[in-house]
Every structure is written in C-alpha cells, then in structure tokens.
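Work through the exercises below with the sequence and structure open. Try each task before reading its solution.

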Amino acid sequence: MSNNVKALLLNAGKKARSLENTGLYLVFLAIILFFSLTAPYFFSLQNFMDILRQSTFVLVAALGMTMVIITAGIDLSVGSVIGLSAGITSVLLIQGVPTFLAVAVGLIVGIVCGLVNGFIITRLGVTDLITTLSTLSIYRGILFMMTHGVPFQAFARPDFSVLGRGTLGILPVPILISAAFFFSLRYVLTRTVFGRHVFALGSNSQAALLSGVNVSRKKVQVYMISGFTAAAAGIMLAARLSSVPPDMGQGYEMSVIAAVVIGGTSLFGGSGGVGGTVIGSLMVAIIGNGLILLNVNPFYQYVINGVIIILAVALNNARRKR
C-alpha cells in the first residue's frame, strides 16, 4: 500500500472519529435542552452540582470498566464489588480501625475481587461474561452474610465522610477524586506501554500474543484495575450515605456499562477512551436526575439504560460495517 493511500485512510479515520465525537456532544446538549424545557428546577447551579456529585460514583467505576471493555471484555461484578468493598470498610470503621487503614483495606478488597475475576478468565478458561456474572452473585452473597440483611450504620467519621460529602473550596471532594482517577487512567491509556497493550488486546489478542505481549497477565491487571475503581466508588458512596445496605451497588453495573458504551467505547474492543466515559456518565446522571424532577418512576431508568445500550451497540455495529 502506498504512503498516499495510507495517509488518506488515516485522515478518513480521524474525520470519522471527529464526527462521532461531535454527534455525542450534540446528543448530550440535546438532553440538557430537553430537561431544561420540561423539568422544573433542572437548569440551576445547585441542580448541576447535584448532577456532578451523582455522576462521580458511576464515573469512577466506569473508568476502570472502560479499560476492560477496550480489551473486548466485560465485568458484570462491579456493582457487587462496590457493595462488598464499602461493607468491609464500614465494618473496620465500626471496630475502631483508623480511617486510612480501613479505606486501604477496602481498596485492596476490590483489587482482590478483580484478581479473582482475571484468574478465572485466564487460567480456568471461563468466559468473562460467565465469570463476572458468577462473581456478581458470590460477592453479593458475601455482603449479605456480613450484614445479615441489616444495613451497616454508625461508622461515619468526619475524616471518612469528607470522601463523599466534603468540599475543597467550592468543589466537592468526590469530583476532585474522580478527576484524579480520570487523569491518571487517561495517562495510562494514552502515554504508557501498558495502555498500548490494552488496545492491542482488544484489537487482536492473538497478534498481541505473537508480538510478545503477556496477554493473560495484562487481562488480569485490567480486571484488577476495574476492581480497584469499583471499590473506590463504593467507599465514596458509603461516605456519602453513611450507610451500607446489603443491596448497595445493585444495578450499578448497568449504569456503568451504559456510561462506557454511550461514551463511544466499543464492546468489540480495540477502541474508546475515558474522555467519552465522562460524557457518558454525565448523560446517565442527567437522565436519572431529569426523570426524578419530572416525577417519573425512577425504576424506569433501568429500562432507559437498557435501551440506550442497545442503541449505542447498534450504532457501533453500523460504524464498524461502514
């Protein structure tokens, strides 16, 4: 293939991605306009700050999920990891363990959950869908056994609550934490060898293996990152609510996957990024917030998230064919 043809194809690809991003932003603005015109009190500074706070919990977990999906994988256990990590952190706080140590253990729990997922997928040969669907049930069951069906409470401390409700100047601490996760993972994906390997796994894992990439190790590491971000989201959520019910995080996997897919990361792997995931997370939060302001049953959001995922995947298929 001549250099001119290669350059032409590269330019065409860049233009196509630019058009896709423009379309995402237009849809995002259209949703804001719709709720601004139909939902009372939607277009206000206080409500926008509430939306930002609400989106941080989904966003932090979705950032790790983005890396999993770029490798053409899936992690359905993130909601259960959110609940389990928050539950173990709260138990340690109730027992008088220092906040820093309790939070560290909660994060390690998430990493271990991701390690278990990765080990089963790579070493036992079980598909990612079946593996994470099974561990979703396992991790949730552990949390139910810990709580005996009764929410954990009375663990709130000022230095812990700040993770979910604190502010630094005018900015809520959860937003600052999510920003730190965003810039860190964006750097990893775009500026490191590991990031290039992540995209290579999603594009063609066999070719990556032949190129000397330790495919199994990279997959395990990606699931560990997903577990870590899910644990961070759970700890922030516990700090926000000052309570850990046994069903905490249930259903979050749908919102997290929706945020990633809406943001343009392909479920077929090999393409995407955390920048689009930010927009996707905001769209999920805006839709949920707008439905509440319109007095729509909040359970309808599950239906809407499912429809959005189907539409996003259908559009992705159309782009791949084109």
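Three exercises on this predicted model follow.

**Exercise 1. Confidence**

Find which element has the lowest mean pLDDT and which has the highest.

Solution. Start with the whole protein. Its mean pLDDT is 87, and 91% of its residues reach 70 or more. Now go element by element. Helix 1 (residues 3-38) has the lowest mean, 65. Helix 4 (residues 99-123) has the highest, 96. Next, look for runs under 50. One such run covers residues 5-10, with 2 contacts beyond four places in sequence. Another covers residues 12-16, with 0 contacts beyond four places in sequence.

**Exercise 2. The largest nonpolar core**

Determine which residues touch the most other members of the largest nonpolar core, and which helix gives the most to it.

Solution. The core has 83 residues. Within that set, Phe160 and Ile286 touch the most other members. Helix 2 (residues 45-70) gives the most to this core, with 13 residues. Then take Ile286 and set aside its neighbours within four places in sequence. Ile286 is in contact with three phenylalanines, Phe28, Phe35 and Phe42. Ile286 also contacts the isoleucines Ile31, Ile32 and Ile51.

**Exercise 3. A surface patch**

Decide whether Leu171 is buried, partly exposed or exposed, and name the patch residues around it.

Solution. First, place the residue: Leu171 lies in strand 2 (residues 171-172). Next, read its relative accessible area, 39%. Buried needs under 20% and exposed needs over 50%, so a value in between counts as partly exposed. Leu171 is therefore partly exposed. Finally, assemble the patch. Leu168, Ile170, Leu171 and Leu176 form a nonpolar patch on the surface. Together they have about 410 Å² of accessible area.

Note on methods. Residues numbered from 1 in each chain as written. Predicted model: local features only at pLDDT ≥ 70, side-chain atom pairs only at ≥ 80, totals over all residues. Heavy atoms only, no water. Core = buried A, V, L, I, M, F, W, Y, C linked by side-chain atoms within 4.5 Å. Buried < 20%, exposed > 50% of the residue type's maximum accessible area, 1.4 Å probe, protein only. Helix = DSSP H or I, 4+ residues; strand = E, 2+ residues; numbered from the N terminus. Contact = heavy atoms within 4.5 Å. pLDDT = per-residue confidence, 0-100. Patch = residues over 30% accessible without salt bridge, like charges linked within 9 Å, V, L, I, M, F, W, Y side chains within 5 Å. Areas by Shrake-Rupley, 256 points an atom, 1.4 Å probe, with all protein chains shown as cover. Salt bridge = Lys/Arg side-chain N within 4 Å of Asp/Glu carboxyl O.
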